[in-house]
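The following exercises concern a multichain structure and are to be solved with the coordinates at hand. Each task is followed by a solution in steps.

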Amino acid sequence: MADFGYTLWILILPLVTFVILGLFGMKIKGRMAGLTGTASLAVITALSYTAAISYFTGGGLADGVYQKIIPFNSVWLNLTDHLHIDMGILIDPISVMMLVVISTVSLMVHIYSLGYMKGEKGFERYYAFLSLFSFAMLGLVLATNIFQMYIFWELVGVSSYLLIGFYYDRPSAVAASKKAFIVTRFADMGFLVGILLLSFTTKTFDFVSLTALDGPAITSTGGALFLGMSLMTWSMLLIFIGGAGKSAMFPLHIWLPDAMEGPTPVSALIHAATMVVAGVYLVARLFPVYYFTAPEALHIIAWVGALSSLLAAIIATTQTDIKRVLAYSTISQIGYMIFSLGVSGYGDHDGLGFMASNWHLFNHAMFKALLFLGAGSVIHAVHSNYMTDMGSLRKYLPVTHITFLIACLTIAGLPPLSGFFSKDEILTAAFHHDKILFAIEYAVAGLTAFYMFRLYFSIFHGVDRHYHHTPHESPAVMTVPLIILAFGSVFAGFLPFSKLVTSDGVPFESHIEWSIAIPSILIGLAGITVAWVMYRKENALPDKIASTFRLSYRWAYNKFYFDEMYIFVTKKIIFKHISHPVAWFDRHIVDGTMDGIAWVTQSVSSMIKGFQSGQLQKYGYVFVTGAVALALLFIYIL
Amino acid sequence: MSLENFTVMRHELLLTLAFLVILLTEVFTGEEKKERVRILAVIIFAIVTVVGFLPLPEGSIFGDMFRATRTTSLMKNILNIGTLIVFIQSYSWLGRAENRDRIHEYFMLLMTTLIGMNFMISAGHFLMFYIGIELATIPLAALAAYERFRNRSAEAGIKLILSSALSSGILLFGLSMIYGTTGSLYFSEVAAAVRDMPLVILGFIFFFSGMAFKMSLVPFHLWTADVYEGAPVNVASYLSVISKGAAAFIFIIILFTVFPIIIATWEKTIWVIAVLTITIGNLFALRQKNMKRFLAFSSIAQAGFFLLGFIGGNQLGMTTVIYYALVYIFSNLAAFGVVSVIAEKTGRESMDDYDGLYRTNPGLSIAMMLAMFSLAGIPPVAGFFGKFFLFVAAAEKGYYVLVTIAVLNTIIALYYYLLVVKAMFINRNEAPIEPFKSDSMSKLGLAICLAGIIVTGFASSIFEMIRNLSYGI
Amino acid sequence: MSILTWLVIIPLLTITGILFVKDARQAKIVSAFGMGIQLIVSAVIVYSYVALRNAGVTDEMVMISSYEWFRSLNIYYTVGVDGISVAMIALTSVVVFAGIFASWEMDDLRKEFFISLILLATGVFGFFISLDLFTMFLFYELAVIPMYILIGIWGSGPKEYAAMKLTLMLMGGSALLMVGLFGIYFNSAPDGGELTFNIIEISKITIPIEAQRWFFPFTFVGFGVLGALFPLHTWSPDGHSSAPTAVSMLHAGVLMKLGGYGAFRVAMFLMPEAANEMAWIFIILTTISVVYGAFGAIVQKDLKYINAYSSVSHCGMVLFAVLMMNRTAMTGAVIQMISHGLMTALFFALIGMIYGRTHTRMINEMGGLMKVIPFLGVAYVIAGLASLGLPGLSGFVAEMNIFFGAFEHPDTFRRVATIIAVSSIVITAVYILRVIAILLLGSIRDHHFDLLDDAKWYEKLSIVSLLAGIIYIGMAPLHLSDIIRESVMPIVDKLL
Amino acid sequence: MNQGIPLEYYLILASAMFFIGVYGFLTRRNLITILMSVELILNSVNINFLAFNRYLFPGKLDGHFFSLFVIAVAAAEAAVAIAIIINIYRRFTTINVEDVNSLKY
């Protein structure tokens, strides 16, 4: 096996970059900061590719199985007698794949941002945050143990927070960043409790021993039953809540559309390609544990994924903010991946869903980053996020148009683009698992094609809006990443993924099941056709349909009122009925008791002042009474 | 009985001598030189104090009616120190024109009361004790009424003399019952003969209330505040410190040596009285605005704390009572010293007048603050040690409930002591007391007190020395 | 003389120095110098402690020196340290050092201010090095009482009320504590022999269980008042909000730690059986503290109130962890004390600096400050992130130790309490982010704020010294946690 | 030898005097009368001492001496008290005890 010691630099470099840019960014201002960040990430990308190539070309194989390699591990903190938090690097197929995804997209975003963010105030801060994010995300995927993952998980969250709130003078951005952080934090609490339960059942954090088939997790009996599910199931479910929060799964998805307040390249990197798939990665990482000890949890995961993909797809058809459409599309696609894990089996061809999920993750990263960067290019050109302000842009933005179209075709799942392959494998896996879920995903495939082409047609076709400033194509520093990603989207489908990333590390052969693939292609085409009819040219059809299905349209348009529900819970219940009463209780009851004691003392003091009347004879009276009372007390009572 | 035997009465004899010297100077000095008596008195008394510290043979004379031990001489020395400070503090007040012709009276009366207290402490017989107590009280009434031209002074005098007459009447009535049951008035014989029977208990309770009056324990305390407020500041300080300290000393001696057999009774009495005294004293002190009145109530509460040392009848108890008395003398005299300086210079006695004092007279404020902290029992000043050891003494005998009540009361006490600190340091005042320079005698007095407040706590040798001289039942 | 005693002597010398300088302006230089030396001495102590441990010294307490004081009561001035006290000493010296610089612009009665402040610090240092309950108690009260003066004179808002309430409640706590100490003292020789106040000596014997039942609550609650144990925490919001910057820093940063430290070093270490019996009551109370403080903080509008409630929550966490009585949780408790000490001191320093510029502490009157005072803003964000337990900053390390330690108990009661306590991390996030959003982000609400200056050099020094600690503990917790893990063992062993 | 008046009679007399004295102290308004009430109390004590000495402990003279001293001290007390009362009269122009209450609460 190859030596992967150099992978340590993948973690060190971005951290160093962050520290340098954070501390001295103000001094080295502007472009230099951007170039520093980009250069550092280029090195990281090179290292990642080196690692991937050397791993998959035999460096990771032993006895025909991809091994988990730990080139570096050291204790960071001792917790209990059994548990200690380590910091280390775990190299295995999925982590290596993630390295490639993250470094590629991140590098593209870094380069793209040189153009997109040019002249923005806080350019160096932007790159510092990007470096922090890269560090956190890479640390997350390379984690050797669940706790290290949790640590970086949180760091990813905070860098996401910082980047969403990059335009911190915009109230909407501030609100969005807060919301993103708090919602994911809430989910992370589930994650943490899950880790607590898991680690005290298994006495380890270590992924290698957790996922080992003879390890403490898989061989555990599952622990006591609680509400009909074993302790292990509960813990795995709670851990999944963490994943669902990060991956914006229903019903914790509400933060993601709002997160689009951040700069568009950030959306591309964090909220499309990398961070949001952390949930998928988490489940994939612990997949054996889920599969063997918590099948109920896996079942729930499948349903959550399916529902998320369906709801998000429906909502996406109604939104007019192009970034929001993409955001819901992201939720929908991640729903696919989660769902795919949920329906997967373990080992060999049974693990098709696992492989498909990761493959889709890989492909999705490419085309969704492309879509976002393309959207960024569009927004850059017309200075608006709303498709109602756009139209006929294909004339002005040729490169963007072509790459965007490629991405749309990819996500719609048309062969031979990469989306087709991974989606097809997912549907195949679903078909063998559960027919209802399969049907849902089929519908989603159609919806996806529809809303993506709705988007496409609205932006690049339709009426010319007579723009104030003629939109013009973005500079090369922005278009080159688009082209690179477009290549990725097109050709990623030809990677022999089932030879590389499998549930048990053993390569297997996968085939396209044409009986499933052809209907799915047709559904995709149908979606495109409907979109073509409705949005190719400006016409009354969309409004007519909207008014026909007014109620359902309004529900979908308002995102099924999830935001309102959350606001109700937080403002009306937590703020109004918990926090305010607590604050009141503290001020008036608890504090009032203390003041009350003082008040009582004072009043008693005033009450008894009559004894000191200044009358000598009253004094004598008290004196004699006191003496007599004492005498009586002691002679007759005590 | 040879003449040498009289050396056991050294303290009393020296005081008498000093008394005579003052009397003679009074007679032989001219009108214009009367003021010099002040300095003479201070010097003489300083000598008396120092001589009092010389080693002394233990013994008894007058057929055991007068007993001198190292313990009693320690107590007398402590009282001497306190009185010396009072003398020093009275210096400038006596310099007033209206007091000029009566300077010697002041000193002679004070010395007389001190002689009375010394006899009280050394008494081995209730007659000696009674004479001592009256000798210590009657001149004080005269002193309280010292300022002839002030209504309040006269009122204080009459309240003191009549209350104390009533109290000694009741005390004597109690004594007569004890005499009737035990057949003797010698401490040692009474101690042997006393029994737990109703008449003795009744007699004891009456005796107790008389003593409680001296120590101003609730409910026998009502004269205290009025007298302190009406009397001249220095007399009030003498009353609150020396008189009370002496009462505490003799009370603990009598309880420990005469009534050990009925400890079960007086423990309960003291328990009840201690709780009452501390609580009521604190509750009254809470509202006071006049500094003298305030200190009066605070000293009532302090008297309650003394009782914590009484209650166990243990050696530690007596140690802490004596130790606390010493600490209390320094602390309270410091407080009264500041009050007296300010009253002397500006005529103001209200707590409100102290607002913003720190900004005009920082030195006095610091002294007052330390005194307050010491009275409240805040480290690192001596009061902390004193209170802590008192509580230890009570806790040693398992009176945890009492200790708990007492420590909770220290919080109320802390509140009103902090009010003074607040007035001086925190409150702002439109017309604060003007900056002034104190005379050197006041400074000397305060300096001695402050040194005492600081040193007495840390110097464990003082505590150990007292401990070696104390005894339990 | 033991080097530990210097920790008490240096502040006293500094006070003397301040007394003798003529110009009040020089007072701050003398203080800074004195506390700088104190910082160095602390560093030397930490270093020599580690060296001793590395040399294989396994005594529970090291660097012990003892002087007889009150012979007849067997009271000694005994000092000595273990890993916990060493850590607390280091914390204290950092916070005091930062506090001096945070009050650099103090103008009214400057000499007195620094004297009181350093006197307070003397008490705290003395408390942490004491091994004799009497001296410990003495230093404890010595640390509390200057608060009155400090808040009363240099405070703001309803300062007299707040100062009085704070002092009386804390002294009320110490009154209970005193009763508890008597109980311990008089039961320190159940088989005859000499009574003692020495913690190590007492820890070797077993106090009769009946006595423990009586005196454990006294002692624990006595310390608990200072540790903001619900419902005796109400001095904290008023006190902190009225106190001047450096005092809030010292008080929340260090003084409140006396409560937590005492709770396990005295109450639980010496009376383990009762501690085990009664833990459930206090676990309930501290769990309430943790959640209640956090909820209380959500709706506050005054920056200091927010931080005060947050302190209630975090200090509740300390006591909560202490009551879990195992190695991990205890370690967590100590790290939480240090972490909270640093970050809350940082918070209060920043609040003071912001207040000094904007003259308001109401968050809704400010906004967008990040633009004009980025240094303070960024520091505030970091402190906030530390407070909500972000990995890489100190709060996380502490909380993880606490949660894992607490969860180690197999019984449902403690686990449920743990999960409730865990929920505070979300609530904390809510109020921290709320403050950051309103205070620092958004647009500037008042145009007077456009002209504010960012931090001065002394403010930066103060902030950086605290930040350094937070980040160091957060990034490389192993050193600290290993030192503490070793030192909690004797206590945990007794409790099991 | 004690076939005359029994001890109890003396004691009852003394007690009566004592309580009359106390009653007088508490109810009379004139300061001089109050002082006289105090003398009554002291005299009741004297009777007690003398009676106890005479009847119970005839061998010793403690009680007798004690009453002698009480008489002497009472005289001193009266002297000082009357002096102060005179001063009170000068200052307040009354010797009604109820009017002498400028110091209170």
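**Exercise 1. The nonpolar core**

Task: State how many residues the largest nonpolar core has, and which of them have the most contacts inside it.

Solution. The model is a predicted one. Its largest nonpolar core has 705 residues. The residues with the most contacts inside this core are Ala369(A), Ala334(B), Phe391(B) and Leu346(C). Take Leu346(C) and leave aside residues up to four places away in sequence: the partners it touches are Ala379(C), Ala383(C), Ile463(C), Leu466(C), Leu467(C) and Ile470(C).

**Exercise 2. The overall form of chain B**

Task: Decide how the radius of gyration of chain B compares with the globule rule for 473 residues.

Solution. Begin with the secondary structure: chain B has 19 helices and two strands. Its radius of gyration is 21 Å, and the globule rule gives 23 Å for 473 residues; the two values are close, so chain B is as compact as a globular protein of that length. Next, consider the extents along the principal axes, where the C-alpha trace of chain B spans about 65 × 55 × 45 Å. Burial comes next: 69% of the 473 residues in chain B are buried. Finally, consider contacts in chain B between residues at least 6 apart in sequence; of these, 79% join residues at least 24 apart.

**Exercise 3. Helix α3 of chain A**

Task: Compare the expected span of α3(A) with the distance between its end C-alpha atoms, and determine how many of its residues are buried.

Solution. Helix α3 of chain A covers residues 93-116, which is 24 residues. At 1.5 Å a residue, the helix should span 34 Å. The end C-alpha atoms are 34 Å apart, in agreement with that expectation. As to burial, 23 of the 24 residues of α3(A) are buried, so the helix is largely enclosed by the rest of the structure.

**Exercise 4. Two interfaces**

Task: Describe the side of chain A that touches chain C, then the side of chain C that touches chain B.

Solution. In the first interface, 36 residues of chain A are in contact with 43 residues of chain C. On the chain A side, β3 (69-78), α5 (146-164), α6 (171-202) and α24 (562-607) each supply at least two residues. The largest share, 12 residues, comes from α6(A). By class, this side divides into 25 nonpolar, five polar and six charged residues.

In the second interface, 25 residues of chain C meet 25 residues of chain B. Here β1 (62-70), α5 (133-144), α6 (146-154) and α7 (159-186) of chain C each supply at least two residues. The most comes from α7(C), with 12 residues. The chain C side comprises 17 nonpolar, five polar and three charged residues.

**Exercise 5. Backbone geometry**

Task: Locate the cis peptide bonds before Pro219(B) and Pro380(B), and decide whether Met325(C) and Thr93(D) are buried or exposed.

Solution. The bond joining Val218(B) and Pro219(B) is cis, with omega about 5°; Pro219(B) is in the loop between α8 (198-214) and α9 (222-230) of chain B. Omega is likewise about 5° for the cis bond joining Pro379(B) and Pro380(B), and Pro380(B) is in the loop between α15 (362-376) and α16 (382-396) of chain B.

Met325(C), a residue other than glycine, has a positive phi near 55° and lies in the loop between α13 (303-324) and α14 (327-358) of chain C. Met325(C) has 24 C-beta neighbours inside 10 Å and therefore counts as buried. Thr93(D) also has a positive phi, near 55°, and is in the segment after α3 (62-92) of chain D. With 8 C-beta neighbours inside 10 Å, Thr93(D) counts as exposed.

Terms used
Residues numbered from 1 in each chain as written. Chains lettered and ligands numbered in written order. Predicted model: local features only at pLDDT ≥ 70, side-chain atom pairs only at ≥ 80, totals over all residues. Helix = DSSP H or I, 4+ residues; strand = E, 2+ residues; numbered from the N terminus. Rg over C-alpha atoms; globule rule 2.2 N^0.38 Å. Buried ≥ 20, exposed ≤ 12 C-beta atoms within 10 Å, placed from the backbone. Contact = placed C-beta atoms within 7 Å. Nonpolar A, V, L, I, M, F, W, Y, C, P; charged D, E, K, R; others polar. Expected span 1.5 Å × (residues − 1). Core = buried A, V, L, I, M, F, W, Y, C linked by C-beta atoms within 7 Å.
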